[in-house]
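Thanks for coming. I will take one structure today and go through it element by element. Please have the viewer open.

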Amino acid sequence: MNIVKNFISYISVILVLVFLAQFFISSKNLSDDEIHKNQFKNQYAIFSLVKPKNISFCNEEAPLYAFDIYERMDKELLKNTYWQSNMLLYIKRANKYFPVIESILAKNKIPDDFKYLALIESGLENVVSPAGATGFWQILKSTAREYDLEVNSAIDERYHLEKSTQFACDYLNEAYSIFGSWTMAAASYNMGMNGLKRTIEKQKTKNYYNLHLNSETSRYIFRILAVKEIMENAKDYGFVYRTSDLYNMIEYRIIHVDSTVADLYAFAKQQGVNYKLLKQMNPWLLKSTLPDESRKRYEIKIPIDNSSLIFSELD
């Protein structure tokens, strides 16, 4: 029996050596480009994604059984899965900002899924669009003023996380009362309530998935669904991270101000922080002063522990 086993092992070794010899001989006959191409084919792969069993937004299911709906969903899943750096930044920032957004959504009885709307609008950064939409929730100046957000040369509350999220809640509750669907309320956030009303009247349907829409609004819900699906099942989509890798909100205290602050540089120093930190924590302050002739009450965030935030001066 041992003789047979030894013979089989011997033959196996011979076959492996023959294979390696043939590979070496054939490789010598290949050009450098051909070798490189073979290595690429053997070592690199991009996988198609498995179709999700079900996808829903605010418990309103997307009909993935329809070919066009699945294709639109697959497009956004592929884009977000394979733009790995962008999605990983989404995941990291979400740990910092989602708790604030979730709390305000819950307080206003807005479904939790709307936090993903803020994410696809801005990537959770205070960006400005070519059309002038500003902040996490990408609010236009005219719309902000309709909902009592202060926007002027010194103050822009579209950059105020809590107040802009409250704006979004007020808008979405109004939209839901009109359209009777959270999916349609989300679509109206992109194209406007009046624009969506006109589209419904023309096409005689109130179902988002039945509507022929402009390219941006046509993608809009699927972009939300894609980031939701990936972030809620991150490891299934190849995203591996540790809790320590995620970003966190700095602990802060609130200073109430109800009169003009003529010098925010001096104000920051009085509060034990530098001007940079004051502006980072309060991006809605646009200038180095806070004019307040009307004696409006403002809340200014100040970091509690500055030991790791303010650095010693260089000689």
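**Loops, helices and cores**

Start with Asn 59, which is exposed, because its relative accessible area is 76%. Asn 59 sits in the loop between strand E1 (56-57) and E2. Its phi is near 65°, a positive value in a residue other than glycine. For context, most residues other than glycine have a negative phi. I should say now that this is a predicted model, and everything I quote is computed from it.

A second case of that kind is Asp 148, in the loop between helix H6 (141-146) and H7. Phi of Asp 148 is also positive, near 65°. Is Asp 148 buried or exposed? Asp 148 counts as exposed, because its relative accessibility is 68%.

One more loop residue before the helices. Tyr 65 is in the loop between strand E2 (60-61) and H3. With a relative accessible area of 74%, Tyr 65 is exposed. Between Tyr 65 and Lys 53 there are 9.5 Å in space, C-alpha to C-alpha, and the two are 12 residues apart in sequence.

Now the overall inventory. The protein has 12 helices and 4 strands. Of its 315 residues, 43% are buried. The accessible surface comes to about 19100 Å², and carbon and sulfur atoms account for 53% of that. As for the contacts, take those between residues at least 6 apart in sequence: 61% of them join residues at least 24 apart.

Next, helix H4, residues 84-107. H4 has 24 residues, and from its first C-alpha to its last it reaches 33 Å, close to the 34 Å expected at 1.5 Å a residue. Where does H4 bend? The bend is at Tyr 97, by about 50°, and Pro 99 follows within four residues. Tyr 97 is also one of the buried residues of H4, and others include Asn 86, Arg 93, Phe 98 and Ile 104. Which helices do the buried residues of H4 pack against? They pack against helix H3 (67-82), helix H5 (115-122), helix H7 (161-179) and helix H10 (215-232). After H4 comes Lys 109, with a positive phi near 60°.

On to H5. All of H5 is inside: 8 of the 8 residues are buried, so H5 is largely enclosed by the rest of the structure. The buried set has charged and polar names in it, including Lys 115, Glu 121 and Ser 122, alongside Leu 117, Leu 119 and Ile 120. These buried residues pack against H4, H8 and H10. Just after H5, Gly 123 takes a positive phi of about 70°.

H10 is the other helix to look at. H10 has 18 residues and reaches 26 Å from its first C-alpha to its last, close to the 26 Å expected at 1.5 Å a residue. There is a kink of about 25° in H10, and its centre is Ile 221. Because 13 of its 18 residues are buried, H10 is largely enclosed by the rest of the structure.

That brings us to the cores. The largest nonpolar core has 68 residues, and those touching the most other members are Phe 114, Leu 124, Trp 137, Tyr 189, Ile 224, Leu 225 and Met 231. Two or more residues come from each of H3, H4, H5, H7, helix H8 (182-191), helix H9 (193-203) and H10. Which of the elements gives the most to this core? H4 does, with 10 residues. Apart from this core lies another, of 19 residues, among them Tyr 159, Leu 278, Trp 284 and Tyr 298.

Back to Tyr 189 for a moment. Leaving aside neighbours within four places in sequence, Tyr 189 is in contact with residues that include Leu 117, Glu 121, Trp 137, Phe 167, Tyr 171 and Tyr 220. Leu 117 and Glu 121 are the buried H5 residues I listed earlier.

Last, the strands. Strand E3 (residues 252-257) and E4 run antiparallel, joined by 6 bridges. What stands opposite Tyr 252 in E4? It is Pro 303. Strand E4 covers residues 298-303, and 5 of its 6 residues are buried, so E4 is largely enclosed by the rest of the structure.

That is the tour; questions are welcome.

Conventions:
Residues numbered from 1 in each chain as written. Predicted model: local features only at pLDDT ≥ 70, side-chain atom pairs only at ≥ 80, totals over all residues. Heavy atoms only, no water. Expected span 1.5 Å × (residues − 1). Bend = angle between axes of the 7 residues up to and from the residue. Buried < 20%, exposed > 50% of the residue type's maximum accessible area, 1.4 Å probe, protein only. Contact = heavy atoms within 4.5 Å. Pairing = 2+ DSSP bridges. Core = buried A, V, L, I, M, F, W, Y, C linked by side-chain atoms within 4.5 Å. Areas by Shrake-Rupley, 256 points an atom, 1.4 Å probe, with all protein chains shown as cover.
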